[in-house]
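User: I would like to learn how to read the surroundings of a ligand in a structure model. Could you take me through the case shown here?

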Amino acid sequence: MPNYKAPVRDMRFLMNEVFDFESHYKSLPNGEDATPDMVEAIVGEMAKLCENTIGPLYQSGDEEGCTLKDGVVHTPKGFKEAYAEFQAGGWQGLSHPVEYGGQGLPMSLGLIKQEMMATANWSFSMYPGLSLGAMNTIQLHGSEEQKQEYLVPLTEGTWGGTMCLTEPQCGTDLGQVKTKAEPQKDGSYKISGTKIFISSGDHDMVENIVHIVLARLPDAPKGTKGISLFIVPKYLPGKIGEDNGVSVGSLEKKMGIKASATCVMNFDEATGFLIGPENKGLECMFTFMNTARLGTAMQGIAHAELSYQGALPYAKERKSMRALSGKKEPDAIADSLIHHGDVRRMLLKQKAIAEGGRAMLYFSAQYADNMISGILEDDMEKYEHWDSELGFFTPILKGFLTEKGLEVANDGMQVFGGHGYIKEHGMEQIVRDARISTLYEGTTGIQALDLLGRKVLLTTKGKCVRDFTKKLVDFGTKNLRDPKLRPFAWKLLKIAAEWNYLTTRIMLVAAKDRDMVSTASYDFLMYSGYAMMAYFWAIQAGVAKDKLENGGNEPAEFYKAKLATAEFYFERMLPSAKGHADAALKPTRSIMKLKAEDFSFDYE
Ligand SMILES: Cc1cc2nc3c(=O)[nH]c(=O)nc-3n(C[C@H](O)[C@H](O)[C@H](O)COP(=O)(O)OP(=O)(O)OC[C@H]3O[C@@H](n4cnc5c(N)ncnc54)[C@H](O)[C@@H]3O)c2cc1C
């Protein structure tokens, strides 16, 4: 079973040497307290909590799962105590406003905190994670009274939160939501309907749960334009323990994340309160969608990292045959797995995705900080600018990193051979837990449509790709003459040209054949992911090379490993991008021509 160890060396490398978080924090209105000492203390304390308390519950939480007794969901043994420690430490409100009980630190620190929790124990991290969704929605769209009543206990972590969107007939297409909201004379609403798959819908770690619910007012327009957003608490404020018509219908039985309670929630004339304007529920819900999606993108990194932490010591210990180039451990009965090329390939893939993904996430987290600055400075233009910059990153991070996180979690299991399939080692749990990440918070297909259809073609006509690829061209032109960085520089220049060509070609075909947007979207997303990660590996390589020559905070071996992983990524992983580009450019015919009724002649 992997014992989670926070990768603080890599985190520090990114924060201090690659992205200069110190200067970044100095530029933020809420960055004054995020001094290097404070950042170090947060990372150190969170690492301890995750390594000693939250991580050790990962496997037992999976074995025990959640149970529903007398209408209340019980979390696995130890979760309540671990949550109490998390709550007492003030972690929930780390990046939320001081006036509502938080610590007011930048959003990126919240994401870095979350990354450690997510890797140590994804199921556990979902409880405070869902609360963050509710907190962000109330912070931005709630009235002052709603903030005092709900945001304060949520920020303190004494209450939990959920996001109730999905219904049996719809998950992606929320225009089909049926839950009803009947206005009452006192300004409240009676909410009735059933929501399914609600994460943290009920549990025993908090006093009360605040549900953020999508519902329809009477006579609301059909589709997405007729959906409003409501706060529906399990217990009304001041009436803890008194039934408000919110109940758990059942707990979903699922493939993984078994310690996370996924509930069918019934709302039976439950008292709720409108949040934001009538019929603008989806817009309000999507306000913080980019940051929520960064939170799920993190799941890809989390599972890559944890699976790597499990596979690496096993590969160093397990003996099998001799290395092809000759004995590496002559005194042992055989050489360790790590000396075999194919095992090294899998380990390096895991390392490349975990560390490359972390770099992508930390960079985007700075954009999220800038976006929040716009809100704090009441500068909506600034907010919208950074939100839209971040908007290009989020489908790529969410779609690509969760797909790759799942793939390399599987590689980690493969390193164990048959033992990976046996529960005892904990490697198969990581694969089961990782599987959900490509499904919720917008499936990979929906991220791909959002990226290509909305962000690239409709909203920016390819400008977002042109803007991002300027970074690749800058790196390329600056480093083309450097013998160590030339291979990266050269490839980035090629990728920059290819990514723009791909975008333009798809745009031209899609103007005549709309199906192109859907048929090309997945491959375009994966191409974009490979290309973006290439840039982030190149800049890490650039910093590592510089530190090797001029000295850095870490030992030379650390920087050499960075250069070696960058080289592996460029030589062994990046070529997959080409296959995706080729597939994306193919005409729609081979996907669209087969009639729906001709897919099979036997099954119906
Ligand atoms: C464990 C778990 C936890 C969850 N937690 C929550 C939660 O806390 N709150 C909440 O509200 N929901 C939650 N969900 C629901 C989740 O967000 C939805 O399952 C997800 O959005 C997909 O919706 P769906 O299942 O209805 O699939 P569908 O929307 O039916 O999609 C089915 C397939 O069709 C594809 N597809 C659909 N439309 C299109 C299109 N136009 N073009 C191309 N492809 C398309 C999809 O990509 C997918 O592959 C959770 C789900 C699970 C399993």
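User: Which residues are closest to the ligand, and how many surround it?

Analyst: A residue is counted as near if one of its heavy atoms lies within 4 Å of the molecule. Here 21 residues surround the ligand, and the closest are Met163, Thr166, Thr172, Phe197 and Thr443. This is a predicted model, in which local features need pLDDT of at least 70 and side-chain atom pairs count only at pLDDT 80 or more, while totals for chains, interfaces and linings use all residues. Residues are numbered from 1 along each chain as its sequence is written, and side-chain values use heavy atoms, with hydrogens and water left out.

User: What polar atoms of Thr166, Thr172 and Phe197 lie by the ligand?

Analyst: A polar contact is a pair of N or O atoms within 3.5 Å. An N or O atom in the side chain of Thr166 is 2.7 Å from a nitrogen atom of the ligand, and a polar side-chain atom of Thr172 lies 2.5 Å from a ligand oxygen atom. Phe197 instead uses a backbone N or O atom, 2.8 Å from a nitrogen atom of the ligand. The ligand taken alone exposes 970 Å², of which the protein buries 61% (Shrake-Rupley method, 1.4 Å probe).

User: Which elements supply the shell around the ligand?

Analyst: Helices (H or I, at least four residues) and strands (E, at least two) are DSSP runs, numbered from the N terminus. At least two shell residues each come from β3 (159-164), β5 (189-199) and α14 (444-459), and β5 gives the largest share, three residues.

Conventions:
Polar contact = N/O pair within 3.5 Å; in protein donor to acceptor, adjacent residues only side chain to side chain.
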